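Visitor: I am new to this structure and would like a close look at a single part of it. Please take one helix, go through it with care, and then set it against the rest of the chain.

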Amino acid sequence: MDQIQQYTEPCKQFMKDSIRLVKKCTKPDRKEFQKIAMATAIGFAIMGFIGFFVKLIHIPINNIIVGS
(Lines give C-alpha, C1' and ligand atoms only; values in the text may rest on other atoms or scores of the structure.)
Protein backbone atom coordinates (compact mmCIF):
# COMPACT_ATOMS: atom_id res chain seq x y z
CA MET A 1 0.00 0.00 0.00
CA ASP A 2 2.85 2.35 0.82
CA GLN A 3 4.45 1.82 -2.59
CA ILE A 4 1.20 2.65 -4.38
CA GLN A 5 0.81 5.82 -2.37
CA GLN A 6 4.42 6.75 -3.15
CA TYR A 7 3.60 6.77 -6.90
CA THR A 8 0.17 8.38 -6.68
CA GLU A 9 1.12 11.25 -4.34
CA PRO A 10 2.99 13.33 -6.98
CA CYS A 11 0.01 12.96 -9.35
CA LYS A 12 -2.40 14.11 -6.66
CA GLN A 13 -0.21 17.08 -5.80
CA PHE A 14 0.08 18.02 -9.48
CA MET A 15 -3.71 17.89 -9.86
CA LYS A 16 -4.22 20.09 -6.79
CA ASP A 17 -1.69 22.64 -8.08
CA SER A 18 -3.24 22.61 -11.55
CA ILE A 19 -6.74 23.17 -10.21
CA ARG A 20 -5.49 26.02 -8.00
CA LEU A 21 -3.77 27.64 -11.01
CA VAL A 22 -6.86 27.42 -13.22
CA LYS A 23 -9.02 28.95 -10.49
CA LYS A 24 -6.61 31.89 -10.07
CA CYS A 25 -6.37 32.61 -13.81
CA THR A 26 -8.53 35.47 -14.97
CA LYS A 27 -9.33 36.87 -18.37
CA PRO A 28 -7.41 40.11 -19.00
CA ASP A 29 -9.46 43.27 -19.08
CA ARG A 30 -9.50 45.51 -22.15
CA LYS A 31 -6.70 47.82 -20.96
CA GLU A 32 -4.37 44.92 -20.09
CA PHE A 33 -5.10 43.20 -23.40
CA GLN A 34 -4.35 46.37 -25.37
CA LYS A 35 -1.06 46.80 -23.51
CA ILE A 36 -0.01 43.22 -24.30
CA ALA A 37 -1.10 43.55 -27.93
CA MET A 38 0.81 46.82 -28.33
CA ALA A 39 3.99 45.33 -26.83
CA THR A 40 3.70 42.34 -29.16
CA ALA A 41 3.15 44.56 -32.20
CA ILE A 42 6.16 46.71 -31.31
CA GLY A 43 8.28 43.58 -30.92
CA PHE A 44 7.17 42.29 -34.33
CA ALA A 45 7.94 45.66 -35.92
CA ILE A 46 11.40 45.85 -34.36
CA MET A 47 12.25 42.32 -35.47
CA GLY A 48 10.95 43.10 -38.97
CA PHE A 49 13.12 46.23 -39.26
CA ILE A 50 16.17 44.33 -38.02
CA GLY A 51 15.58 41.63 -40.63
CA PHE A 52 15.03 44.25 -43.34
CA PHE A 53 18.26 46.08 -42.54
CA VAL A 54 20.25 42.84 -42.36
CA LYS A 55 18.91 41.87 -45.77
CA LEU A 56 19.59 45.40 -47.07
CA ILE A 57 23.22 45.16 -45.97
CA HIS A 58 23.58 41.55 -47.14
CA ILE A 59 22.59 42.20 -50.79
CA PRO A 60 25.49 44.58 -51.68
CA ILE A 61 28.02 42.44 -49.80
CA ASN A 62 26.81 39.34 -51.62
CA ASN A 63 27.08 41.14 -54.98
CA ILE A 64 30.67 42.16 -54.20
CA ILE A 65 31.61 38.61 -53.20
CA VAL A 66 29.88 36.92 -56.13
CA GLY A 67 30.90 39.67 -58.56
CA SER A 68 27.88 39.61 -60.81
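**A close look at one helix**

Guide: Phe52 is partly exposed, with a relative accessible area of 47%, and it makes a useful place to begin. Please keep in mind throughout that this is a predicted model. Phe53 also counts as partly exposed, at 44% relative accessibility. A search of the whole structure for aromatic pairs finds 1. That pair is formed by Phe52 and Phe53, whose ring centres lie 5.5 Å apart with the planes at 65°, so the arrangement is edge-to-face, given that planes over 60 degrees apart count as such.

The helix to look at here is α2, which covers residues 30-66 and so takes in Phe52 and Phe53. Helix α2 has 37 residues, and from its first C-alpha to its last it reaches 53 Å, close to the 54 Å expected at 1.5 Å a residue. Another phenylalanine, Phe44, also has its place in helix α2. At 63% relative accessibility Phe44 counts as exposed, because the cut-off for that word is over 50%. To see how Phe44 sits with respect to a distant part of the chain, one can take Ile4: the two residues are 40 apart in sequence, and their C-alpha atoms are 50 Å apart in space. Just after the helix comes Gly67, whose phi is positive, near 80°.

The other helix can now be set beside this one, since the protein chain has 2 helices and 0 strands. The radius of gyration of the chain is 26 Å, well over the 11 Å that the globule rule gives for 68 residues, so the chain is more spread out than a compact globule. Along the principal axes, its C-alpha atoms fill a box of roughly 80 × 40 × 10 Å. Buried residues make up 0% of the 68 residues in the chain, and the accessible surface comes to about 6900 Å², with 70% of that area belonging to carbon and sulfur atoms.

Helix α1 runs over residues 2-24, and its 23 residues should span 33 Å at 1.5 Å a residue; the C-alpha atoms at its ends are 33 Å apart, which agrees. Within α1 there is a kink of about 35° at Thr8, shortly before the proline Pro10. The number of buried residues among the 23 of α1 is 0, so this helix lies largely in the open. Val22, which lies in helix α1, is an exposed residue at 60% relative accessibility. Between Val22 and Thr8, which are 14 residues apart along the chain, the C-alpha atoms are separated by 21 Å.

Helix α1 also carries a charged contact. Side chains of opposite charge can pair when their charged atoms come close. In this structure there is 1 salt bridge, and it joins the side chains of Asp17 and Arg20, with 2.8 Å from N to O. Both residues lie in helix α1, 3 residues apart, about one turn of the helix. Asp17 is partly exposed, with a relative accessible area of 35%, and Arg20 is likewise partly exposed, with 48%.

To return to the part chosen at the outset, helix α2 holds 37 residues, with Phe44 exposed and the rings of Phe52 and Phe53 set edge-to-face.

Technical notes
Residues numbered from 1 in each chain as written. Heavy atoms only, no water. Helix = DSSP H or I, 4+ residues; strand = E, 2+ residues; numbered from the N terminus. Expected span 1.5 Å × (residues − 1). Bend = angle between axes of the 7 residues up to and from the residue. Buried < 20%, exposed > 50% of the residue type's maximum accessible area, 1.4 Å probe, protein only. Salt bridge = Lys/Arg side-chain N within 4 Å of Asp/Glu carboxyl O. Rg over C-alpha atoms; globule rule 2.2 N^0.38 Å. Areas by Shrake-Rupley, 256 points an atom, 1.4 Å probe, with all protein chains shown as cover. Phe/Tyr/Trp six-rings, centres within 6.5 Å; stacked < 30°, edge-to-face > 60°.
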